[in-house]
Amino acid sequence: MSLQLGRSRFGDPANAGRTLTREEATALFNEWVLNPKLKLHMLQVAALMRAWALEKEGLDESGAWAWEMAGLLHDADWDQWPDLHCKKIIEELEHRNIDPEIIHAIASHGHLHFGVIPETKMDKMLYAFDELSGLIHAYSLMRPGGYEGMDLKGVKKRLKEKSFAANVSREDINDACERASISLDDLIGFIIPRQAQVE
Ligand SMILES: [Fe+2]
């Protein structure tokens, strides 16, 4: 089964700056995503995207919401339509006249699967947070204190253990860090305290 999207342009440039409202995005999220684990993953990635946009990109509330929305909906079709993963949510957002930048970020969050190269900073950070966020969360679940006291060393040790969270692609993580021009240490250091706040 191929998830390749076969195109690299998404949405209409005339829709730049258009987002769903938080209420609309949350309604879509709740309607399409039923699996609580997947929901938590998407909420975690959304929180990381928002934090990065505010703290590192210096964006205002509306700019940060665009980043957050990309995180919140990036896996929206994975739960109920795995064969249409990415295609379905992209078409939905195109139909709703959403900013092409948000749609492109979602389309490029797994370029090895979807065949769309991450270009913008939003694209690259969504790609970078996606897999690493999952591994760090898996690590929190096996620690008695969860995120409490979790450090860089522990996460890097888990990354080296191929059998730990084996479905998390180490190749994607390294590739994403390179593309986003961020060190693995800095990325892990950014994720731990912020993800710890998302329950
Ligand atoms: Fe994801």
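## Helix 2 against helix 7

In this predicted model, helix 2 and helix 7 pack with their axes 9 Å apart, at an angle of about 130°. The two helices are therefore oblique to each other. As for handedness, helix 2 goes past helix 7 in a right-handed crossing.

Who meets whom here? On the helix 2 side you'll find His41, Gln44, Val45, Leu48, Met49 and Trp52, and across from them in helix 7 sit Met125, Leu126, Phe129, Asp130, Ser133, Gly134 and His137. Sorted by class, the residues of this contact come out as seven nonpolar, five polar and one charged.

## Helix 5 joins in

Helix 7 has another partner to look at. Helix 5 packs with helix 7 at an angle of about 35°, and their axes are 8 Å apart. This crossing is right-handed.

The helix 5 residues in the contact are Glu101, His104 and Ala105, and they meet Met122, Asp123 and Leu126 of helix 7. The class count for helix 5 with helix 7 is three nonpolar, one polar and two charged residues. Leu126 is also listed among the helix 7 residues that meet helix 2.

## Helix 4 and helix 5

Helix 5 also packs with helix 4, at an angle of about 175° and with the axes 10 Å apart. Angles over 145 degrees count as roughly antiparallel, so helix 4 is roughly antiparallel to helix 5.

Which residues make this contact? From helix 4 come Ile89, Ile90, Leu93 and Glu94, while helix 5 brings Ile102, Ile103, Ile106 and Ala107. That splits into seven nonpolar, no polar and one charged.

## The nonpolar core

Now for what sits inside. The largest nonpolar core has 55 residues, and Met49, Ala70 and Ile106 have the most contacts within it. At least two residues of this core come from each of these helices: helix 2 (36–55), helix 3 (61–73), helix 4 (87–95), helix 5 (100–107), helix 7 (121–142), helix 8 (152–160), helix 9 (170–180) and helix 10 (184–195). Which helix gives the most? That's helix 7, with ten residues. In soluble globular proteins, nonpolar side chains tend to be buried together.

Ala70 is a handy place to start exploring. Leaving aside residues up to four places away in sequence, Ala70 touches Met49, Ile102, Ala105, Ile106, Met122 and Leu126. Some of these names have come up already: Met49 belongs to the helix 2 side of the contact with helix 7, and Ile102 and Ile106 are on the helix 5 side of the contact with helix 4.

## Two loop residues with positive phi

Two residues are worth a click for their backbone angles. Cys86 has a phi near 85°, a positive value in a residue other than glycine. You'll find Cys86 in the loop between helix 3 and helix 4. Is Cys86 buried or exposed? With 24 other C-beta atoms within 10 Å, Cys86 is buried.

The other one is Ala165, with a positive phi of about 45° although it isn't a glycine. Ala165 lies in the loop between helix 8 and helix 9. There are 20 other C-beta atoms within 10 Å of Ala165, and a residue counts as buried at 20 or more, so Ala165 is buried. If residues up to four places away in sequence are left out, Ala165 touches Gly134, Leu135 and Ala138. Gly134 also appears in helix 7's contact with helix 2.

## Out at the exposed end

Not every residue is tucked away. Asn30 is in helix 1 (residues 22–32), and with 10 C-beta neighbours inside 10 Å, Asn30 counts as exposed. Where is Asn30 relative to Ala76? The two are 46 residues apart in sequence and 9.2 Å apart in space, C-alpha to C-alpha. From Asn30 to Ala165, 135 residues apart along the chain, the C-alpha separation is 26 Å.

Met142 is an exposed residue of helix 7: that helix is where Met142 is found, and its 10 C-beta neighbours inside 10 Å make Met142 count as exposed. Met142 and Val45 are 97 residues apart in sequence, and their C-alpha atoms are 20 Å apart in space. Val45, for its part, is one of the helix 2 residues in the contact with helix 7.

Conventions: Residues are numbered from 1 along each chain as its sequence is written. This is a predicted model: local features need pLDDT of at least 70, side-chain atom pairs count only at pLDDT 80 or more; totals for chains, interfaces and linings use all residues. A nonpolar core is a set of buried Ala, Val, Leu, Ile, Met, Phe, Trp, Tyr and Cys residues joined through C-beta atoms within 7 Å. A residue is buried if 20 or more other C-beta atoms lie within 10 Å of its own, exposed if 12 or fewer, and partly exposed in between; C-beta atoms are placed from the backbone. Helices (H or I, at least four residues) and strands (E, at least two) are DSSP runs, numbered from the N terminus. Axes are lines fitted to C-alpha atoms, for helices over the stretch in contact, and angles run from 0 to 180 degrees between N-to-C directions. Angles under 35 degrees count as roughly parallel, over 145 as roughly antiparallel, 65 to 115 as roughly perpendicular and the rest as oblique. A crossing is left-handed if the near helix is turned anticlockwise from the far one by less than a right angle, and right-handed if clockwise. Ala, Val, Leu, Ile, Met, Phe, Trp, Tyr, Cys and Pro count as nonpolar, Asp, Glu, Lys and Arg as charged, and the others, Gly among them, as polar.
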